[in-house]
Amino acid sequence: MLRDTDWFHKRKWGVSVHYLAQAVNNKDALQSMGKETSWDECVSEFDTDLFAKQVASVGAGYVIFTMVQVTSYLAAPNKAFNEITGYKDGEACSSIDMVEKLYDSLKKHDIDLILYFPCDGPSKDPKAREAFGGIKYGEPKPHITTEFVKKWAKVIREYSLRYGDKVKGWWLDGC
C-alpha cells in the first residue's frame, strides 16, 4: 500500500533531537550543566512547550525525536519493554510520557512529530541485551538475532498503537 508522503515535502525541513540519558543526566556531559539526575527527572523537567516554541521560531515543519539510543532509557513508559527486561516503571522507561507531552506542544504550532528508533535497541545495557536475547555487543555494530527483532518489535508496536497518527513518521535506523 502506498502512503501519502507529500506532507513531508510540504514541511520543507525539520529538527532532529537526540535527548539522551547518557548526555543529559551525566554530570560530566556539557548538556547536563554539571548536574547528575535520574532519567525520570530529566524527562519530567524537559519543557516541551518551550521546545516547541523554539522549533516554531526557526520555521521547522517537523521534529525527529529519538526515543532511545544504545541504552535502556526510553522517553515514555512501555509495558512490553518492562516485561521483557524486568525493569520497573521509571527505572529505564520514563514514568512520564514525554512523547504525548511533546506531541501536544508541537501541535499548538502545527509541527509534525517523527519518532526515531535504533534497530539495535538497548545494545549497551547488559541486562537488556540478555533479556532481549541475541544482542551480542560488538563494534561498530552489535549482532542482532531474529529473537531480538521479534521482542524489539513488541516495544515499538506498543508505542505505535498508543500514538497512532499523532506520530507522522517512524525513522528506524541501523537495520
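1. Angles between helix axes are sorted into classes: those under 35 degrees count as roughly parallel, those over 145 as roughly antiparallel, those from 65 to 115 as roughly perpendicular, and the rest as oblique. This cut-off is needed for the helix pair discussed in points 3 and 4, and the reader should keep in mind throughout that the structure is a predicted model.

2. For orientation, the chain has 8 helices and 4 strands, and, when these elements are read along the sequence, they follow the pattern α-β-α-α-α-β-α-α-β-α-α-β. Of the 175 residues in the chain, 47% are buried, while the accessible surface comes to about 9,800 Å², with 53% of that surface belonging to carbon and sulfur atoms. Among the contacts in the chain with a separation of 6 or more, 64% are accounted for by residues 24 or more positions apart.

3. Two packed helices are described by the angle between their axes and the distance between the axes. In this model, helix H4, which covers residues 48-57, packs with helix H6, which covers residues 98-107, at an angle of about 45°, and the two axes are 8 Å apart. H4 and H6 are therefore oblique to each other, since an angle of about 45° belongs to none of the roughly parallel, roughly perpendicular or roughly antiparallel classes. The crossing in which H4 passes H6 is right-handed.

4. On the H4 side, this contact is made by Thr48, Asp49, Phe51 and Ala52, and on the H6 side by Met98, Lys101, Leu102, Ser105 and Leu106. Sorted by character, the residues of the contact of H4 with H6 comprise 5 nonpolar, 2 polar and 2 charged.

5. The backbone at Lys12 deserves a look, as this residue has a positive phi of about 65° although it is not a glycine. Lys12 lies in the loop that runs between helix H1 (6-10) and strand S1 (14-17). Because exposed means over 50% relative accessible area, Lys12, at 69% relative accessibility, counts as exposed.

6. A positive phi is also found at Asp110, where the value is near 55° in a residue other than glycine. Asp110 is located in the loop between H6 and strand S3 (112-118), H6 being the helix that packs with H4. With a relative accessibility of 52%, Asp110 likewise counts as exposed, because the cut-off for that class is over 50%.

Methods:
Residues are numbered from 1 along each chain as its sequence is written. This is a predicted model: local features need pLDDT of at least 70, side-chain atom pairs count only at pLDDT 80 or more; totals for chains, interfaces and linings use all residues. Side-chain values use heavy atoms; hydrogens and water are left out. Axes are lines fitted to C-alpha atoms, for helices over the stretch in contact, and angles run from 0 to 180 degrees between N-to-C directions. Helices (H or I, at least four residues) and strands (E, at least two) are DSSP runs, numbered from the N terminus. A crossing is left-handed if the near helix is turned anticlockwise from the far one by less than a right angle, and right-handed if clockwise. Contact means heavy atoms within 4.5 Å. Ala, Val, Leu, Ile, Met, Phe, Trp, Tyr, Cys and Pro count as nonpolar, Asp, Glu, Lys and Arg as charged, and the others, Gly among them, as polar. Buried means under 20% relative accessible area, exposed over 50%, partly exposed in between (1.4 Å probe, protein chains only). Accessible areas come from the Shrake-Rupley method with a 1.4 Å probe; for residues, only the protein chains shown count as cover.
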